[in-house]
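Trainee: Please choose one spot in this model and take me through it closely. I would then like to follow the connections outward from there, one step at a time.

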Amino acid sequence: MLDYEVSVVPSPANGTITGDERITLASLRDGLTEASFTGNALDVIAVGGDAASTEKRDGAWIVRFNRPVARGERAVLALRFMGKPARGLVIGTDHIHTDYFACDWMICTQDRPGDKATLSLTITVPEGLRALSSGRFVRGYPGSWTWRLDRPTSSYLYGFAAGRFAFSEQKVGAAVLANYAEEDVASADDLAAALADTPAMIRFFQDRAGLPLPGGGYQQLVVAGSAAQESADYSTLGWDGLSPVLKDPTEDWLAAHELAHQWWGNLVTCASWDDFWLNEGITTFMVAAWKEKRWGRAAYDREMTLLRARVDKARAAGVDAPLTFHGPYPSLGLKRAIVYGKGALFMDALRREMGEARFWAGLKRYTRIYAGGAADSRDFQRAMQAEADKPLGPLFDEWVY
Ligand SMILES: [Zn+2]
């Protein structure tokens with residue numbers, strides 16, 4: 001996919017959504033007659049361009065073309081959709097925010113994270129709400145907002161929110177950091193205290209990535225509950241996960257984790273979900289690295305001890321797997337123990353094997369080479385190997401493959 005142009009109108013009264021969408025794609029082979037998108041609970045019809053009809057097949061949305069499309073040639077699919085999203089959208093009377101499953105409120109390819117595209121998104125919501133989304137703000141009329149995301153991005157990272165949010169903004173170097181919070185979720189003082197370290201986190205991750213904040217800005221949306229979700233250019237942070245930092249300042253993992261994804265996950269994305277550990281294992285490790293920077297080596301060691309306990313618990317339950325394992329796990333918790341926990345422990349093992357300077361140079365090389373694109377475990381291995389002074393193959397074989 002090359003570009004999605006989407007206009008949605010959520011209906012807070014009944015939790016439904018209607019939308020118009022234009023998808024631009026380039027064919028990878030000759031004679032392409034249809035394209036497949038992630039299935040959802042919406043009704044989807046073809047309304048023009050090269051789209052002739054739609055069909056639900058094996059749970060996926062198939063859009064048939066009105067002509068065969070040659071290799072390298074572009075097609076534009078105009079679609080209209082309506083219905084009640086099964087997931088991915090939290091709608092209240094004066095609050096709405098997306099939650100991971102963009103494929104449930106628009107037509108896209110959530111199951112192919114390496115297939116990145118640009119996005120124009122327009123949302124129409126009740127007047128008087130404040131709104132945020134991925135990309136650069138283009139224009140806003142009362143109740144209607146448009147953003148443009150010019151950097152090709154995986155569609156699972158598309159999102160938006162609107163509500164009667166408290167708002168604050170500051171500069172962090174050349175970047176703009178904006179905070180939004182649902183009304184009544186916390187006092188202004190508590191919010192400020194809970195998010196006080198984000199500028200320092202931005203500086204730290206920029207330094208380790210060797211690249212500035214992608215897009216030049218970052219927004220934190222604080223909502224009630226346990227949300228923890230990165231999107232392009234912003235994150236949704238649940239107060240349940242954020243507020244422990246008020247009692248213990250070292251409990252700052254949530255803001256750090258979702259911010260780190262702006263580089264590892266969002267900017268450099270796993271080419272397929274088989275390499276999801278590249279998103280989550282590296283990010284989990286980077287939270288520990290942030291804690292080391294902010295709170296000292298003991299805080300890093302404590303993270304590794306906690307992660308090791310998580311992985312040991314999974315092993316005791318009979319679950320261990322290479323990081324690239326794509327088979328079924330008995331539960332999401334056990335899968336996360338491997339993908340997040342074991343992935344972060346592998347980064348720590350690499351760090352010890354390579355030594356401090358070479359390890360960080362390798363991570364920087366990897367991040368810079370694949371910035372804006374997608375990578376798999378072999379890509380990551382090549383980048384790290386290029387900075388190492390000994391073969392890393394045995395360590396990758398043991399942990400990754
Ligand atoms: Zn994550």
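Mentor: Gladly! In this predicted model, let's start where Arg358 pairs with Asp389 in a salt bridge, with their closest N and O atoms 3.6 Å apart. The pair joins distant parts of the chain: Arg358 belongs to helix H9, while Asp389 sits in the loop between helix H10 (377-387) and helix H11 (393-399), 31 residues away in sequence. In general, side chains of opposite charge can pair when their charged atoms come close. How buried or exposed is Arg358? With a relative accessibility of 36%, Arg358 counts as partly exposed, because that category runs between the 20% and 50% limits.

Now step from Arg358 to its helix. Helix H9 covers residues 356-370 and is among the elements that cover the buried residues of helix H2. Other elements in that cover include strands S15 (165-172), S16 (175-182) and S17 (217-223), together with helices H5 (253-260) and H6 (277-295). The H2 residues being covered are Thr198, Pro199, Met201, Ile202, Phe204, Phe205 and Ala209. H2 itself runs from 198 to 209, and its 12 residues reach 16 Å from first C-alpha to last, close to the 16 Å expected at 1.5 Å a residue. After H2 comes Gly210, with a positive phi near 75 degrees.

Two of the helices in that cover, H5 and H6, take us to the metal. H5 is largely enclosed by the rest of the structure, because 7 of its 8 residues are buried. Those seven are Leu254, Ala255, Ala256, His257, Glu258, Leu259 and Ala260. Pick out His257 from that list, since its NE2 coordinates the zinc ion. The NE2 of His261 and two OE contributions from Glu280 complete the listed donors, at 2.1 to 2.7 Å. Along the chain, these donors follow the spacing H-x3-H-x18-E. His257 lies in H5 and Glu280 in H6, so the pair ties together parts that are 23 residues apart in sequence. Both His257 and Glu280 are buried. What of the geometry around the zinc ion? The 4 donor atoms subtend angles of 53 to 151 degrees, so the arrangement is irregular.

The UniProt record helps to place this region. Its unreviewed entry puts the feature "domain: Peptidase M1 membrane alanine aminopeptidase" at residues 255-399. That span is 70% helix and 3% strand, and its end C-alpha atoms are 28 Å apart.

Back to charged pairs, where we began. The structure holds 26 salt bridges. A network of them links Glu292, Arg297, Asp301, Arg351 and Glu356. Another bridge joins Arg80 to Asp20, with the closest N and O atoms 2.7 Å apart. This pair also connects distant parts of the chain: Arg80 is in strand S7 (residues 74-83) and Asp20 in strand S2 (residues 16-26), 60 residues apart. Arg80 has a relative accessible area of 38% and is partly exposed, and Asp20, at 34%, counts as partly exposed too. There is also a bridge between the side chains of Glu55 and Arg57, at 3.3 Å from N to O. Glu55 is partly exposed at 24% relative accessible area, and Arg57 is partly exposed at 31%.

Two backbone details are worth a look while you have the model open. Most residues other than glycine have a negative phi. Asp184, although not a glycine, has a positive phi of about 75 degrees. Asp184 sits in the loop between S16 and helix H1 (188-194); S16 is one of the strands in the cover of H2. Asp233 has a positive phi as well, near 75 degrees, and is placed in the loop between strands S18 (228-231) and S19 (234-238). Their surroundings contrast: Asp184 is exposed, with a relative accessible area of 77%, whereas Asp233 counts as buried at 5%.

One last stop is Arg112, in the loop between strands S9 (95-98) and S10 (117-124). Arg112 is partly exposed at 34% relative accessible area. Its C-alpha lies 7.6 Å from that of Ala271, although the two residues are 159 apart in sequence. Leaving aside neighbours within four places in sequence, Arg112 is in contact with Met1 and Ser36.

Definitions and conventions
Residues are numbered from 1 along each chain as its sequence is written. This is a predicted model: local features need pLDDT of at least 70, side-chain atom pairs count only at pLDDT 80 or more; totals for chains, interfaces and linings use all residues. Side-chain values use heavy atoms; hydrogens and water are left out. Helices (H or I, at least four residues) and strands (E, at least two) are DSSP runs, numbered from the N terminus. The expected span of a helix is 1.5 Å times one less than its number of residues. Buried means under 20% relative accessible area, exposed over 50%, partly exposed in between (1.4 Å probe, protein chains only). Contact means heavy atoms within 4.5 Å. Donors are N, O and S atoms within 2.8 Å of the metal (3.2 Å for Na, K and Ca); water is not among the atoms, so sites may look incomplete. Four donors count as tetrahedral if all angles lie between 85 and 135 degrees; four count as square planar and six as octahedral if opposite donors are over 155 degrees apart and all others between 65 and 115; anything else is irregular. UniProt positions are given in the numbering used here, feature names are shortened, and annotations may be inferred rather than shown by experiment. A salt bridge is a side-chain nitrogen of Lys or Arg within 4 Å of a carboxyl oxygen of Asp or Glu.
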